Each structure stands twice: as structure tokens, then as C-alpha cells.
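Trainee: I would like to look closely at a single helix and then see how its surroundings fit into the whole. Could you take me through one such part with care?

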Amino acid sequence: MSLVIHNLHARVVGGQQILRGLNLEIEKGSVHAIMGPNGSGKSTLSKVIAGHPDYEVTEGEVLLDGVNVLGMEPDARSRAGLFLAFQYPVEIPGVSNANFIRAALQARLAAGEELEATEYYGDLYKEMDRLEIPRNFTARSVNEGFSGGEKKRNEVLQMAMLKPSYAILDETDSGLDIDALKVVSAGVNALRGPSLGILVITHYQRLLDYITPDVVHVLVAGRIVRSAGPELALELEAKGYDWIRDELSEAALAAEPVHA
Amino acid sequence: MSESLLQAPPAAEAFANQPDWLREARQQAALRFDALPRPSRTDEAWRFSNLRAFDPQDFTPARPVALEVTDSLLPLSLGADSHAGSLVFANDKLVARTRSAVADQGVIWLPLEEAIEQHPELVQRYFMRSEALFGSAKHLALHQASVRTGTFLYVPKGVKVEAPLQAFHWIAGSGQSIFPHTLLIAEEGSSVTFVDWFKAHSDSRNLACGVHDLHVGQGAEVHYVSVQDWSRQTVALHSNATVVGAGGKAVHLSLHLGGSFARSESVSHLRGAGARSEMLAATVADGAQEFDQRTLQDHCSPDTSSDLLYKNALYDEAKTIFAGLIRVAPHAHRTDAYQKVRNLVLSAEAEAVSLPGLEILADQVRCSHGATTGEINAEELFYMQARGISERDAYRLITYGFLNEVIERLPENSLRVRLQEALQARLAGH
């Protein structure tokens, strides 16, 4: 059981090629981290997997427990067990947080089945307490006027409620002070377990002090160029990304992928 | 069509013990209705309006409803959980009322015909005192000649009515016309919340021609909510005039859901320093519905403020027209007036017309107005889909949120919940 990304090529619709043959396998129960310099394709990868309409896949596949999700609408991918924690969570005026999460859960039920309200609020409050989220949060519009930390906590709250099989955390550390980072990381760690595979995307090693990965990958120019244990993150932190660029041949970075 | 409105305005005898002034006023109104020309699209006040949508002669004054119809309406006439009293009208006849403790506070809370009998001077002082400003003189005349009942609510000086009072106006049958009326007077320092629910018993073609006037005394605070939920074939003409005295505050929120052609005119006169009016509306327009909204923020005194927020969501071939004017009188210095119209267009065939206007004759004023027309935000849509919510459900939820922002301006929670339910029910098919 794993999320397999195989030979993935993707570009902005009608624009530049960004992913150039990316391979990755995230087993359930494991935590993988992708690090990479700005512009290497980190956020593109998360959006392509989630099905953002601004990107098109030109080659390759993304298999969720063996099922290729690339032909699916974003909502179907989510219901199939994929979760993307957004780098910039979107504000939705006039829709309360409780209403929003309920709609997402309701979407997972069979037609005619109704979410049980008492149970729902019980679960919601339990997860909110764990993330140190105040109760009035439920009545506030989704992400509207939230601080950076509140937005990221809200992402983790949704993840906890939706119970995905695979979660991609896109720069979840950006915009967080150290206290918020600890709370958010603790929230993610609480969800770690044999039924969840996690891909943490980050520019900085800092997040990985709190969410310890099993494997660290380095993404450069749309491809994974190196994979190793958590010590790789420390090495990158110490030496910067130039070191890894220097080790790779110019040709390898510049090469256009070969299309069939 | 022997009972045609044009030939025989019906209500000259409608009130028992009708005082002379009222009989005369109604006879005059009937004559005025006959004499006044039909509105024309060349009038500025009817620009863009679809005047062929109806002919008053197609409708006859509503006949009383059968008892079994009344029985079916009452369980649907509940409103806010916390309400302090209800009047229920069907086809312009009082069919039910709940006793209310507000009488103990000196509040007069009566159907209009009883108020005319018991408090004729009060009614005379306030009844239909506003002039027609938007070319609706003919419709106002029709209303005055034809009105048979409605709500009279008088809140004495300093009295605070905590829970909302409400009225239901039902229309049943087809080819019927009704003339709902609301006259609310809040004396100095008082406060009250009142809700009008306009509902149809069946999906048939009728005419509703209503007047809803608010008199907000010095330092008084009035929340007035109307939920226009007529059938999708109803022609609806609603006129509102709100007068706010010094330091008073009026909040008028309309939820527009029903009607084939629904015209609403709303005027706030700010008379006295510190007077404030908030004019709020949320509209769902679909099919071939047309909503025609005309507003005036009339700043007559210095240091007055007004805040208008109208939001329209348009589906299919629906059309909305908004024409709003902020008028600042020569001496109304330090006016603070805000006007915002937002149209969410969900179909390429829908049309939203916005005509904001300013007429400023004073100094040191802060007036801003803006009209925006847009579609569903793609990032909001993707965010929802990324949580498993289908595209269609996401569209509906985002549209709900867009309009719910208006409802959230109301402080009273149990009422807000009812309005949100009405909005959800209305959007359910989309």
C-alpha cells in the first residue's frame, strides 16, 4: 500500500515544464520529506497530485494504492484518500469552518446518508482541543482573518477530521512562529501511524526537527536528485542547496525529458 | 374581470369603522391610480425594467382562503425560535395571532384594522406619509386604495423589546392580489426587531403590492427583516420608507428569493444628527426571474451615516437591476455614506445591471460607492474540491457564503439561523 509517483512530467497549462520525470514512493505508515530550492517544483508537485487545473500532466502516473488518480477530479482524489495541506489556505467568506468541514465529511457518505451532528461536533471539538484551537473557531468563516498559525492549524484540523490515507503538507511551516510550529507539528505527529503516509514539502530543515521523516528527498529542476535518511536534511541545512547542485552535472539539470 | 383593480379598487369599504380621513385618502388614491400613467421604460426610475412582466388587471383582490388551507399554512408559520409574537395573514386576512407579553410593556402590536379602530390618531400620523420617489406613485396609490390589513407596531419611549416580533403574509390561489402593509414606529430610545415573512401557498401567479414603513425615533434602534419568498410566478412590488431621527439606527435586511418580477424600493431618510441606516439585501435570482432594486440614502442632517450592502447571485437567464443613489443635502456636513453592490454571476446568460449614483451638496463628506460583478473564485473552488466537495456542491457553498455574509450582519442568532435555512433551501436545487 503506497502512493507511487512514477515518471511524472507536468507543466503550467500552455506554459513551462516544471516536473521532469519525478519518481517517488510513499508507503503507508512512513513520513517522507521533500526539500529543494525555490523554483525546483515543490509546490507544483503538490498541486499536480491534488489536481489543480492550472497544471497539466504530460507524462507519468500517480498511483494511490494502485489506482491512477490523474484522470480524477480533485474532489474524487480527496475522497479516494488524498489530502493536501495548502501552503496558502484559501479564505471562503460567509462559510463557517464547521459548515465547511461538515460538507467535506458529508461528501464521503453515500447518497441519502446524513452526518450525525452530535458525533460530528464531538469529533471536531476533540481534534480542536488537541490543536489548541478555541471553540469559537467553528463559527468563523473559513480562514478569513485567521493568523498564519491559525490557518495552518486549520489545515491540520481538516486533515485529522478527513482521515486521509496519504497527506501532502505543502510548506506547512511557512509563516509560523516557533510556538505555532510546535503545535502544528504535534498535531501532525498525533496522526502518524500505520494507516497514513505523509509527504512533507519544505524549504527549511527546521520543520523536520519536529516532524522527523523516515526518508528525505532533494528536488532539483523537477526531479528527485538524491534520497537518504533524515541526516540529509541536516547536511542540506549546513551546506545549502548549491552543494548538491555542484555535485550534479550541468547536463543532468538542463536535460529536457524525452517524450515518447 | 368584473373585480379588476382598475375598474373597482376594492378596499374602500374594507375597514370597519373606517375614519373619514382614511376613507377620503383611499378614494383619492383610487382616483390617482386610475389617472396616473403606467410606468414607462423611458422614465429614469424604470430604466432597464421589464414592464411587460405584468398587468395589474390580470389580478383580482384576494378572496379568503379555505379553512383547510389555513390549517396547512399555520405549521409553516413558525419563524425564529425566540420570537415574542406572531401575526399570520392569508390573502390579506388575519388568520392567526399569538398573544404576546409585549403589551405589558405598553407596546401596541395589532393588525392594521384593529389599530385603525383603537388608535386612529397614531395611525393617521404615520400611515402612508412618504412620497413615491422612484416612479412607483401608481403602485403606491394602488396599495393605499387596496390595503386591507397588515402589521401596526408601536414601541413607546424607552421600551426595549428583546425578542423579535414577526408577521407572515401568505398568498393562496391564483390570479389574486394582496397588499401587505407594515407600519412600525419606534419612539425615542426604544428598540425592536421585526420580521415580515412573505410566502406562497402554491406555485401560482399572483400579485403582491406591499408597503413597509419604519419610523425610528431619536436614539431608537430598529432591525427590520423581510424574507420575500413568494412563488416563482408572483409579481412583487415592495416599497419601504425608513425615517431615522437623531442618534437613531435602522438596520433593514431583505432576503429576496421569490417572484417572477420583483421590484423593491427602499429609501432611508436620515433626519437628525447621528442618525444611521444600514440597508442590506441578499438576492437569489434564477430561471427567468428579474429583481429590480432601487435605493436612496437620503442624508438630510449633518453627522449622519448610511451603509448599503446589496448582494445578488444570478443563475440561468436571471436579471438583476440595482439603481442606488446617495443624496447629501446642502447642510448635511460630515455625512458618512457607503454603498456597495456585489453581483456573483453563475451563468453566461444572466445579466446584472448596476447603476450607483451620488448627489453631494455638502462639504466634508465621506461617500464611497462601488459595484462589482464577478464569477466564482477558482482558488476557492479548488480548495473545496481538494477537501472532497464536488464542484457542484462547492459552487453552492461558495454562493451560500457570498450571500450569508449579508445575513451575518444581523445580531440576533435564532433569526439568523432561520434566514440561513431559507437561503439554503433556496439554493438546494443548484
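Mentor: The face of H8(B) turned away from its buried side carries three exposed residues, B:Asn413, B:Glu421 and B:Ala425. The model is a predicted one, and what follows should be read in that light. Helix H8 itself runs over residues 413–427 of chain B, and its 15 residues reach 21 Å from the first C-alpha to the last, close to the 21 Å expected at 1.5 Å a residue. On the other side of the helix, the residues B:Leu415, B:Arg418, B:Leu419 and B:Leu423 are buried. Seen down the axis of H8(B), these buried residues fall within an arc of 135°, so they line one face of the helix. This fits a general rule: an α-helix has 3.6 residues a turn, so residues three or four places apart point the same way.

As for what that face meets, the buried residues of H8(B) pack against three strands of chain B, namely S9 (191–200), S11 (221–229) and S13 (249–256), and also against helix H7 of chain B. Helix H7, residues 391–407 of chain B, has a part in the largest nonpolar core, which counts 188 residues and to which H7 gives the most, with eight residues. The residues with the most contacts inside this core come from both chains: A:Ala85, A:Ala167 and A:Val200 on one side, and B:Leu153, B:Leu184, B:Val222 and B:Leu314 on the other. For A:Ala167, leaving aside neighbours within four places in sequence, the contacts are A:Phe83, A:Ala85, A:Met159, A:Leu196 and A:Ile198.

Strand S13, one of the partners of H8(B), also leads to a second place worth a look, since the loop between S13 and strand S14 (261–270) of chain B holds B:Gly259. B:Gly259 is buried, because 29 other C-beta atoms lie within 10 Å, where 20 or more are needed for a residue to count as buried. Not counting residues up to four places away in sequence, B:Gly259 touches B:Gln228, B:Trp230, B:Thr234, B:Val235, B:Ala236 and B:Gln289. The C-alpha atoms of B:Gly259 and B:Ala285, which are 26 residues apart along the chain, are separated by 9.2 Å.

Stepping back to chain B as a whole, its secondary structure comes to eight helices and 21 strands, and 53% of its 430 residues count as buried. A compact globule of 430 residues would have a radius of gyration near 22 Å, and the 21 Å of chain B agrees with this. Among contacts in chain B between residues at least 6 apart in sequence, 82% join residues at least 24 apart.

Chain A, for its part, has nine helices and 12 strands. Its radius of gyration is 19 Å, close to the 18 Å that the globule rule gives for 260 residues, so chain A is as compact as a globular protein of that length. Of those 260 residues, 43% count as buried.

Where the two chains meet, 22 residues of chain A are in contact with 21 residues of chain B. On the side of chain A that touches chain B, helix H2 (74–79), strand S7 (92–96), helix H3 (97–106) and helix H5 (148–162) each supply at least two residues. The residues on that side of chain A divide into 13 nonpolar, five polar and four charged.

Key:
Residues are numbered from 1 along each chain as its sequence is written. Chains are lettered from A and ligands numbered from 1 in the order in which they are written. This is a predicted model: local features need pLDDT of at least 70, side-chain atom pairs count only at pLDDT 80 or more; totals for chains, interfaces and linings use all residues. A nonpolar core is a set of buried Ala, Val, Leu, Ile, Met, Phe, Trp, Tyr and Cys residues joined through C-beta atoms within 7 Å. A residue is buried if 20 or more other C-beta atoms lie within 10 Å of its own, exposed if 12 or fewer, and partly exposed in between; C-beta atoms are placed from the backbone. Helices (H or I, at least four residues) and strands (E, at least two) are DSSP runs, numbered from the N terminus. Two residues are in contact if their C-beta atoms, placed from the backbone, lie within 7 Å. Ala, Val, Leu, Ile, Met, Phe, Trp, Tyr, Cys and Pro count as nonpolar, Asp, Glu, Lys and Arg as charged, and the others, Gly among them, as polar. The expected span of a helix is 1.5 Å times one less than its number of residues. The arc is that of the directions from the helix axis to the C-beta atoms. The radius of gyration is taken over C-alpha atoms; the globule rule is 2.2 Å times the number of residues to the power 0.38.
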